[in-house]
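The exercises that follow ask for a close reading of one protein model. Each task is paired with a solution that proceeds step by step.

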Amino acid sequence: MDLKLRGKSVLITGASKGIGAAAAEVMAEEGCRLHLAARSEPEMTALAERLRAAHGVEVAVHPVDLRKSADIERLAKAAGNIDILVNNAGDIPGGSLDKVDEAAWRHAWDLKVFGYINLTRHIYAGMKARGHGVIVNDIGAAGERFDFNYIAGSAGNAALMAFTRALGGRSLDDNIRVVGINPGPVETGRIVTLMKRQAQAQFGDESRYRELMKRFPLGRAAHPREIADLMAFLASERSGYTSGVIYTVDGGLSARNG
């Protein structure tokens with residue numbers, strides 16, 4: 001499907017792997033000009049080279065730490081006129097209230113919560129001045145399906161859900177759309193590592209981690225591309241009247257009563 005995104009300038013954070021890399025792939029297929037931002041420059045550089053070769057698109061790489069205000073400001077300036085922002089960077093640890101201390105909690109929120117907010121502040125201002133733009137926030141289903149053992153993530157995601165709805169509720173006044181996606185379990189390196197730990201604890205064999213995925217709908221986690229494809233659709237004019245809403249992609253887990 002041609003989503004009419006060709007030539008659009010797209011900034012994707014957390015773009016070195018997982019959902020961010022999948023988002024870069026689909027946007028490259030659509031003919032977008034890409035700006036990839038993350039801390040891992042080698043992984044982004046390899047991805048950029050592959051996308052240039054496969055799709056003939058412009059790809060710029062920005063090694064930044066989105067916990068730092070100076071890096072956010074530098075990124076916004078270097079990326080220039082952005083049509084679509086995909087906020088995706090995040091690494092909030094699991095654990096209950098007694099397991100996640102203040103330093104770990106603040107470190108996590110500086111990236112995912114304040115990183116999203118502060119980068120959006122810069123990019124939104126530019127979009128408003130030009131009279132158009134789309135912001136897609138990759139949040140997480142724990143923000144609506146609260147988890148005692150992922151309390152920092154549940155609280156942070158809930159905050160970003162509120163941020164997305166509050167900003168997106170009025171953003172069309174500036175001809176800007178702000179939307180969110182709440183993925184459930186997605187087969188990224190992070191979830192595989194987590195499942196391997198659980199398999200080791202439960203079975204004494206980390207290689208049996210896929211047995212634990214049988215509890216998910218369809219017996220698997222979502223593919224990163226399934227999230228990225230929705231990002232591209234929401235960023236397109238085919239979704240031009242959509243703002244201030246959040247789409248949950250978890251195979252129905254959040255709708256289950258038990």
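The exercises below concern a predicted model and take up its cores, its aromatic residues, two helices and several loop residues.

**Exercise 1. The nonpolar cores**

Task: Determine which residues touch the most other members of the largest nonpolar core, and which elements contribute to this core.

Solution.
Step 1. The largest nonpolar core has 38 residues, and those touching the most other members are V10, I12, M27, L34, L36, I84 and M231.
Step 2. Two or more residues come from each of strand 1 (9–13), strand 2 (33–38), strand 4 (84–87), strand 5 (133–138) and strand 6 (176–183), and likewise from helix 1 (18–29), helix 2 (41–55) and helix 8 (224–235).
Step 3. The greatest contribution, 8 residues, is that of helix 1.
Step 4. A separate second core contains 19 residues, among them L11, I72, I176 and V178.
Step 5. For a view from a single member, take M231: beyond four places in sequence, M231 contacts I19, A23, M27, V86, V136, D138 and I181.

**Exercise 2. An aromatic pair and a charge over a ring**

Task: State how many aromatic pairs the whole structure holds, and classify the geometry of W105 and W109.

Solution.
Step 1. Searching the whole structure yields 1 aromatic pair.
Step 2. A pair of aromatic rings is described by the distance of the centres and the angle of the planes.
Step 3. For W105 and W109 the ring centres are 6.0 Å apart and the planes meet at 50°. Planes under 30 degrees apart would be stacked and planes over 60 edge-to-face; the pair of W105 and W109 is therefore tilted.
Step 4. Both residues belong to helix 4 (residues 102–130), and because they are 4 residues apart, about one helical turn separates them.
Step 5. W105 and W109 are both buried.
Step 6. A further ring to inspect is that of F203: the charged end of R208 sits over this ring, 4.0 Å from its centre.

**Exercise 3. The two sides of helix 6**

Task: Compare the span of helix 6 with the expected value, and establish where its buried residues lie around the axis.

Solution.
Step 1. Helix 6 (residues 189–203) comprises 15 residues; from first to last C-alpha it reaches 20 Å, close to the expected 21 Å at 1.5 Å a residue.
Step 2. I191, V192, M195 and A199 are buried in helix 6. They occupy an arc of only 95° around the axis and therefore lie on the same side of helix 6.
Step 3. G189, R197 and A201 are exposed on the other side.
Step 4. The cover over the buried residues of helix 6 includes helix 7 (209–212).
Step 5. Q200 is also in helix 6, and with a relative accessible area of 41% Q200 is partly exposed. Beyond four places in sequence, Q200 touches D205 and E206.
Step 6. Just after helix 6, G204 adopts a positive phi of about 75°.

**Exercise 4. Helix 5 and its cover**

Task: Check whether the span of helix 5 agrees with its number of residues, and identify what covers its buried residues.

Solution.
Step 1. Helix 5 has 18 residues, which should span 26 Å at 1.5 Å a residue; the end C-alpha atoms are 25 Å apart, in agreement.
Step 2. The buried residues of helix 5 include A152, L160, M161 and F163, as well as the polar S154, N157 and T164.
Step 3. Their cover includes helix 4, strand 5, strand 6 and strand 7 (246–249).

**Exercise 5. Loop residues**

Task: Describe the backbone of N175 and L218, and decide whether N88 is buried or exposed.

Solution.
Step 1. Most residues other than glycine have a negative phi.
Step 2. N175 has a positive phi, near 60°. N175 lies in the loop between helix 5 (151–168) and strand 6, and is partly exposed at a relative accessible area of 45%.
Step 3. L218 also has a positive phi, near 65°. L218 is placed in the loop between helix 7 and helix 8, and counts as exposed at 77% relative accessibility.
Step 4. N88 lies in the loop between strand 4 and helix 4. With a relative accessible area of 12%, N88 is buried.
Step 5. Apart from neighbours within four places in sequence, N88 contacts T13, G14, I19, G20, Y116 and D138.

Conventions. Residues are numbered from 1 along each chain as its sequence is written. This is a predicted model: local features need pLDDT of at least 70, side-chain atom pairs count only at pLDDT 80 or more; totals for chains, interfaces and linings use all residues. Side-chain values use heavy atoms; hydrogens and water are left out. A nonpolar core is a set of buried Ala, Val, Leu, Ile, Met, Phe, Trp, Tyr and Cys residues joined through side-chain atoms within 4.5 Å. Buried means under 20% relative accessible area, exposed over 50%, partly exposed in between (1.4 Å probe, protein chains only). Contact means heavy atoms within 4.5 Å. Rings of Phe, Tyr and Trp (its six-membered ring) pair if their centres lie within 6.5 Å; planes under 30 degrees apart count as stacked, over 60 as edge-to-face and the rest as tilted. A charge sits over a ring if NZ of Lys or CZ of Arg is within 6 Å of the ring centre and within 35 degrees of the ring normal. The expected span of a helix is 1.5 Å times one less than its number of residues. The arc is that of the directions from the helix axis to the C-beta atoms.
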